[in-house]
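Let's take a walk through this structure together, starting from a single residue and working outwards. Have the viewer ready, and follow along at your own pace.

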Amino acid sequence: MATLPVLEFEDKIAETVEANPVVVIIGETGSGKSTQLSQILHRRGYTRSGIIAVTQPRRVAAVSVSRRVAHELGVTLGEEVGYAIRFEDRTSDKTCIKYLTDGCLLRESLSNPELNQYSVIILDEAHERSLNTDILLGLMKRLIKTRATNLKVLITSATLDGVKVSKFFSGCPILNIPGTLFPVQKLYSRERPTNFLESSLKTALDIHVKEPAGDILIFMTGQDDIDKMVSKLEERVQNLEEGSCMDALVLPLHGSLPPEMQVRVFSQAPPDCRRFIVATNIAETSLTVDGVVYVIDSGYVKQRQYNPSTGMYSLDVVQISKVQADQRAGRAGRTRPGRCYRLYPASVYNEEFLDASIPEIQRSSLAGSVLYLKSLNLPDIDILKFDFLDPPSRESLEDALRQLYLIDAIDENGKITVVGRTMAELPLEPSLSRTLIEANELGCLAQALTVAATLSAEITVHPSRSKNKETKRKRQSKLPDGSGWGDHIQLLQIYESWDQADYDPRWCSDNYLQARSMIFSKNVRKQLSQIIQKIAKGPSDVLSSLRQKKSDHDYKKLRKALCIGYGYQLAERMLHHNGYRTVGYRSQLVQVHPSSVLESDENGQLPDYVLYHELINTSRPFMRNVCSVEMAWVLPILKKLEKLDTNKLSGGSGSSVGCEPIEEKTSCSPKKEADSNQASNLDSKIQAARDRYLARKAKR
Ligand code: CDP
Ligand code: MG
C-alpha cells in the first residue's frame, strides 16, 4: 500500500493544495489518484469544514472506488464513505468522503449553486473529457471566484493534457506524480486482422500456452464482443490438454456488469491460475486491475456520435487515439515488465491514430446540458459564449436550442420557461421530463412515470437473438404487445402486468425479462414520483393522478403527453417499404427497428406520425422505441418551427451574438435563409399532412 506513488507525495500534495484554490494532478493510472487523494485531504483535516466530493465519469467507477476507500478506512460503505449515482444514493449524514458521478454533482449544483456542503471538489478522470466533467470545469472556474477562500478544486488526469487545463484555470500549479511503470514491450501485427475477435482469441491462447505467469487483459469494443470472447475462451481453454499449462479464469469487465461480478475482478486470483480479463475501454484508466502482465489491444473502441445536422446518433467502432493506445499498453507494466500485443502495424499507430480522442462535448446532443446551463440563472450567460475547455460546434448548440424551444423549455427569446425549470430538476433526458410535466397536466402521470422509469432502466424486451423461431415466438406471445400503439405502451403494459403479479421476480424470468432491471425500474419510478411531487405545482393533483387507474384503452392521454415531450423527435408518414415499416424523416426514409411492436390499425393503415426515443445509425439508420401519435397534436409543434430564430434562442441580445465564431465558417445570413427555407418547406409539409389526415378520416 505504502508504495502507491500518490502517497509518496502526500506532503507535497497537501502543501500545494493548501496554497492554491485549484491544482492539477497528473499521475499514471493506478498511482492512487482516485483512492488516495480523498484520504490524504481527509487526514489533513479538510473534512472538518465540509465533505470531500470526488467525481467520476462512470457509474461503476464511483461505486467500485468508494467501496475500496471504505474498505481501506475500515468503515461501512454508505456511512463515512459513500457514493451517489443517478437513482442510487448511498450516503448518510455521516458521509465525509463522497464519490459521485459528474452528472450527479451537476444536478446538486442546481439546488445549491455554491455547492456549500463541499470543502473539496476533486474532478477525477478529467482526461476522459466526459461532457459533464467538461461543464463542471467551466462551473468550477466561476465558483472558485465566489468561494475562493473555502473551496479547493483538484483536477486529476492520467495523461499529459495538464498544461491546457492549467491555462484554463489561469495557470494553476500542475503536480506531476512520477509513475512507477515498468517497461512494456510493444509488439505490432504485420497487418490489421480481418477479424479482431478471432485474432485476439488466438493471441490470448498463444500467450497462455507459451508465456510465463501473469494475467492477460484483452480490450474489446463492447458487451456483445466481450460475451462472445468469454465463452470462446472458456471453451478453448477447457479443450487444452490437461496439465499442458496452468489453470485459467476468464472474467468479463464492462459498465453494465452486476456489482457482484465486478468485484470478482478485484479479488485475488487463486494460485497457479492465469486470469483472462476481457474488458471495454473502462479498463484503460478508470479501473485498475492488478496482476496484468499482457495486454491485447485491437486498436478499436465503440463510440457514440451525434450528428446535429441529421439529428442522428451513430454507434461506430472507431480507431482509438495514440493516448488511448499508450494507456492500454501501460496496463501491462504495473507490477513488472510486461508486453502489449497491438493487433495493428506501427504505421497505423503513427499515421492513422489521432493524438487524443475527441471530447464527448463535441460528439453529443447538447439539449440536456444547455437546459442545465440555462437553468443556472447566471446573469451573463449566453450559451454560445460559455467558457468551455473545448467549445462544441455552433451547429450543435443551435440544434440543442431548437430542441428545447420545441418542447417549451425555452421561449423564442431563449429565456428558460417555468416548464424548463421544472424539467431541469428531473434527472431525466429533456424528452422524458417534458413528458412527465405534460402527463401531470393531462392526468396520466402514473402511466408516464412508468414509461420514463422503464426507459431509464433500459428494460430490454427481446434480449435473445435466439435463432430458434419457436423459442422466439413463445417468448413474444407471452408479453403484452402495446395494443399496436407502440413500444412505450408495451413497456407500460409489461410493468403493469408485473405489478399484477405482485412484482414477483419469477414473473420476470418466466417472461425472459431481467429481474434486476425490472426491480431497478420500480425503484426509479418511486424516486421520480417523489421528485415530481416535490416540484410540480399542484401536489394534490399529482397525488390523485398517481392513484388514477388505467381507463383509456387507446392510451390517448399518455400518447399525447409523449408527443409533446418528444416534440423534436417526430417522424411522419409511416408506410411499408420493401417489406419494412419505414417513416419519413427529414426527407429520407428511415426504417423502424424490427423489434418494434407498433402495428397498423384494423384497416391496415400505419400511423401518420410517430415519435421515436432513439434514432441510431448502426448498419443503417434505425428508429428504436416508436409510438404512434396523432396529427392534431403534431401540428402545433410544426407551427412553432416557423417562428424559430436560433440567434434569439441562444440568449444573447442582438444578432452579433449569434455570429460569435465558434468553429463556424458560414456567416449568419445564409443560416437565416436556410431557416426560412425550412419554414416554407414546413408549410407545405403541414398542408400535405393535413390533406392526408383528411383523406384518411373520410375513408374511415
Ligand atoms: O486513480 P488511479 O488510477 O491513479 O489509481 P486508483 O484507482 O486510486 O488505484 C490505486 C490502487 O488501488 C491500485 O493498485 C488498484 O488496483 C487498487 N484498487 C483496488 O484494488 N480496487 C479498487 N476498486 C480500486 C483501486
Ligand atoms: Mg482513477
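A good place to begin is Val293, which sits in strand S13, spanning residues 292-297. Bear in mind as you look that this is a predicted model. Is Val293 buried or exposed? Its relative accessible area is 3%, and since buried means under 20%, Val293 is buried.

What surrounds this valine? Leaving out residues up to four places away in sequence, Val293 touches Gly214, Asp215, Ala332, Arg336, Pro337, Gly338 and Arg339. You can also select Thr335, which lies 42 residues from Val293 along the chain, while the C-alpha atoms of the two are separated by 7.6 Å.

Now zoom out to the chain. Of its 700 residues, 54% count as buried. Its secondary structure comes to 28 helices and 21 strands. Among contacts in the chain with a separation of 6 or more, 74% are between residues 24 or more positions apart.

Next, look at the nonpolar interior. The largest nonpolar core has 112 residues, and those with the most contacts inside it are Ile121, Met140, Ile155, Phe169 and Leu436. Helix H6, residues 131-147, supplies the largest share of this core, with eight residues. Phe169 is a handy one to centre on: apart from its neighbours within four places in sequence, Phe169 is in contact with Val22, Leu137, Met140, Lys141, Ile144 and Ile155. There is also a second, separate core of 30 residues, which includes Tyr46, Ile85, Ile97 and Leu175.

Our last stop is a pair of helices. Two packed helices are described by the angle between their axes and the distance between the axes. Here the pair is H17, residues 430-442, and H24, residues 556-565, whose axes come within 7 Å and cross at roughly 140°. Angles over 145 degrees would count as roughly antiparallel, and H17 and H24 are therefore oblique to each other. The crossing of H17 past H24 is right-handed.

Which residues make this contact? From H17 come Ser431, Arg434, Thr435, Glu438, Ala439 and Leu442, and these meet Lys557, Lys560, Ala561, Leu562, Ile564 and Gly565 of H24. Sorted by class, the contact has five nonpolar, three polar and four charged residues.

Finally, stay with H24 for a moment. This helix is mostly covered, as seven of its 10 residues are buried. The buried residues in H24 are Leu558, Arg559, Ala561, Leu562, Cys563, Ile564 and Gly565.

Technical notes
Residues are numbered from 1 along each chain as its sequence is written. Chains are lettered from A and ligands numbered from 1 in the order in which they are written. This is a predicted model: local features need pLDDT of at least 70, side-chain atom pairs count only at pLDDT 80 or more; totals for chains, interfaces and linings use all residues. Side-chain values use heavy atoms; hydrogens and water are left out. A nonpolar core is a set of buried Ala, Val, Leu, Ile, Met, Phe, Trp, Tyr and Cys residues joined through side-chain atoms within 4.5 Å. Buried means under 20% relative accessible area, exposed over 50%, partly exposed in between (1.4 Å probe, protein chains only). Helices (H or I, at least four residues) and strands (E, at least two) are DSSP runs, numbered from the N terminus. Contact means heavy atoms within 4.5 Å. Axes are lines fitted to C-alpha atoms, for helices over the stretch in contact, and angles run from 0 to 180 degrees between N-to-C directions. Angles under 35 degrees count as roughly parallel, over 145 as roughly antiparallel, 65 to 115 as roughly perpendicular and the rest as oblique. A crossing is left-handed if the near helix is turned anticlockwise from the far one by less than a right angle, and right-handed if clockwise. Ala, Val, Leu, Ile, Met, Phe, Trp, Tyr, Cys and Pro count as nonpolar, Asp, Glu, Lys and Arg as charged, and the others, Gly among them, as polar.
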